[in-house]
Amino acid sequence: MSSDTSKFHESKKSPAVLKHAILDSYASVFASKTGSTSIGHRVAFIDGYAGPGRYTDGTEGSGALLLRKAKDLAAYPRDVECHFVENDAETVARLREVAKTEGAGVTYTITDAHISAHLPELLDTVKDIPLFVYLDPCGLPIPLDEVARIFDRPNGNGAPATEVLINLTANLRRFAGHLHSEKAQENSLKRLDLAFGGDWWRDVWLEHFPTKDGSDDQRTAAELAVVKGYADKLRERGAGAGIWIIDVRQRANLKPVYYLIFATRNIHGMMAFGESTSKGLEHWRKYNAKAAAAGTLFGESEWEAGWKAEEAKLSAQWVDTLAARLTAELEKGREFRIIDRTEEILGDDLVGLVREMHFRAAIKKVFAAGKTTTDPKGSKVRLEALTLKPA
Ligand SMILES: C[S@@+](CC[C@H](N)C(=O)[O-])C[C@H]1O[C@@H](n2cnc3c(N)ncnc32)[C@H](O)[C@@H]1O
């Protein structure tokens with residue numbers, strides 16, 4: 001393992017806090033829901049770029065996290081199996097140690113292989129049970145064709161669920177920079193072609209970032225357009241019901257550090273993932289607020305009070321935006337469910353930020369304003385699936 005890779009696994013950096021918070025929340029939801037009807041309550045997680053399980057400083061990586069989930073869920077009962085693939089010898093050895101001490105009673109496999117080579121065999125092993133695949137490379141992911149093959153599993157009519165979470169790192173901009181260099185590094189560009197399922201992304205990039213002196217905003221727009229193009233390709237290849245793209249930023253006014261793409265064939269999976277993302281982001285904002293206060297004169301109580309005030313402000317803004325969008329939909333004179341109008345109600349800006357509690361506050365507001373006859377109080381269904389009727 002290179003010293004760079006070693007350093008990478010020393011301690012958890014802020015962006016990893018977010019992806020793990022989302023994984024922590026959603027793994028339980030996925031296993032509880034899909035494992036309630038699966039054969040023997042079995043559910044599988046594939047962690048394709050597994051890492052060492054724990055960072056050198058002892059904090060949890062995805063390996064330790066998923067093993068913990070499998071143990072916690074056993075009581076429900078859920079028979080969660082974890083399949084880890086990691087192709088760095090030293091890292092895989094660390095993961096094996098972690099699993100030896102923390103994986104007692106859990107069904108797991110750890111394979112020292114390239115994920116491309118081992119994925120087909122794993123897909124065969126778990127073909128009859130619900131599957132969540134987490135692909136978290138440090139660089140470019142495996143070719144889109146191979147990711148799409150995960151969705152070749154049967155669909156509909158009681159077929160087991162299939163979901164994928166991919167980390168697309170923003171170092172896409174480093175590769176794409178070659179599009180403007182005089183001696184275009186064709187090999188680097190071809191690596192992106194392979195990861196993104198063709199060279200379509202080159203035109204998309206150049207459309208948003210036409211010259212090498214473009215602005216940072218143009219670069220971010222180009223990046224997001226390519227990530228959206230990637231998501232569309234996955235959808236065309238059978239990822240189905242929906243895809244969430246979460247752009248992970250340190251703060252709202254900074255450029256994304258990476259993008260998480262979540263693909264599912266189940267609309268309820270979309271909403272449940274949105275709920276987990278919203279909670280994960282809240283956890284992450286808290287982490288960042290605490291980290292920003294460390295070493296300053298602010299005491300524990302001050303940073304927490306400041307963070308809570310910021311959260312209340314954000315929440316109020318989201319509820320107002322949601323209420324305005326719900327009102328606009330209701331004014332069209334037809335009943336609808338949020339789940340069927342995600343683009344209109346969530347747009348690009350609220351995806352992954354809002355959850356049930358914000359929907360509740362917004363619907364209450366619209367109800368109080370006399371725009372709907374639907375009172376969310378005591379609803380037996382989740383609010384995104386509640387039919388909202390115009391007044
Ligand atoms: C970002 S780290 C993983 C972090 C981990 N998933 C977590 O969330 O804690 C990426 C890992 O993928 C491994 N890796 C890189 N290329 C791989 C490949 N083709 N197949 C399997 N593992 C790979 C690297 O050695 C590294 O440990």
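Into which domains is the protein chain divided? Domain 1 covers 3-281, and domain 2 covers 295-388. Before I go on, please keep in mind that this is a predicted model.

I will begin with the strands. Take β1, residues 42-47. Is this strand mostly covered or mostly open? Mostly covered: five of its six residues are buried.

Strand β1 has β2, residues 79-85, as a partner. The two run parallel and are joined by six bridges. If you want one pair to look for on the screen, find Phe45, whose bridge partner in β2 is Cys82. To get from β1 to β2, the chain passes through helix α3, residues 62-73. That β-α-β crossover is right-handed.

Strand β1 also pairs with β4, residues 131-135. Here there are four bridges, and again the strands run parallel. Phe45 turns up once more, with Phe132 as its bridge partner in β4. So much for β1.

Now move over to β2 and its pairing with β3, residues 107-111. How many bridges join β2 to β3? Five, and these strands are parallel as well. The pair to find here is Phe84, which stands opposite Ile110 in β3. Helix α4, residues 89-102, belongs to this part too: together with β2 and β3 it makes a right-handed β-α-β unit.

While you have the strands in view, here is a general point. In a regular strand, side chains alternate between the two faces of the sheet.

Next, the ligand. There are 17 residues around the ligand. Which of them come nearest? They are Tyr49, Gly51, Gly61, Ser62 and Asp88. By class, the shell around the ligand has six nonpolar, seven polar and four charged residues.

Last, back to the two domains. Their C-alpha centres lie 28 Å apart. The contact between them takes ten residues from domain 1 and nine from domain 2. Which elements supply at least two residues each on the side of domain 1 that touches domain 2? Those are β6, 242-248, and α11, 267-293. The largest share comes from α11, with eight residues. Sorted by class, this side of domain 1 has five nonpolar, three polar and two charged residues.

To find your way around the model, start at Phe45 in the middle of the talk's two pairings, with Cys82 in β2 and Phe132 in β4. Then go to α11 for the contact with domain 2. That is all from me.

Methods: Residues are numbered from 1 along each chain as its sequence is written. This is a predicted model: local features need pLDDT of at least 70, side-chain atom pairs count only at pLDDT 80 or more; totals for chains, interfaces and linings use all residues. A residue is near a molecule or strand if its C-beta atom, placed from the backbone, lies within 6 Å of it. Ala, Val, Leu, Ile, Met, Phe, Trp, Tyr, Cys and Pro count as nonpolar, Asp, Glu, Lys and Arg as charged, and the others, Gly among them, as polar. A residue is buried if 20 or more other C-beta atoms lie within 10 Å of its own, exposed if 12 or fewer, and partly exposed in between; C-beta atoms are placed from the backbone. Two strands pair if DSSP finds at least two bridges between them. A crossover is right-handed if, with the strands pointing away from the viewer, the path from the first strand over the helix to the second runs clockwise. Domain bounds come from an automatic or database domain assignment. Two residues are in contact if their C-beta atoms, placed from the backbone, lie within 7 Å.
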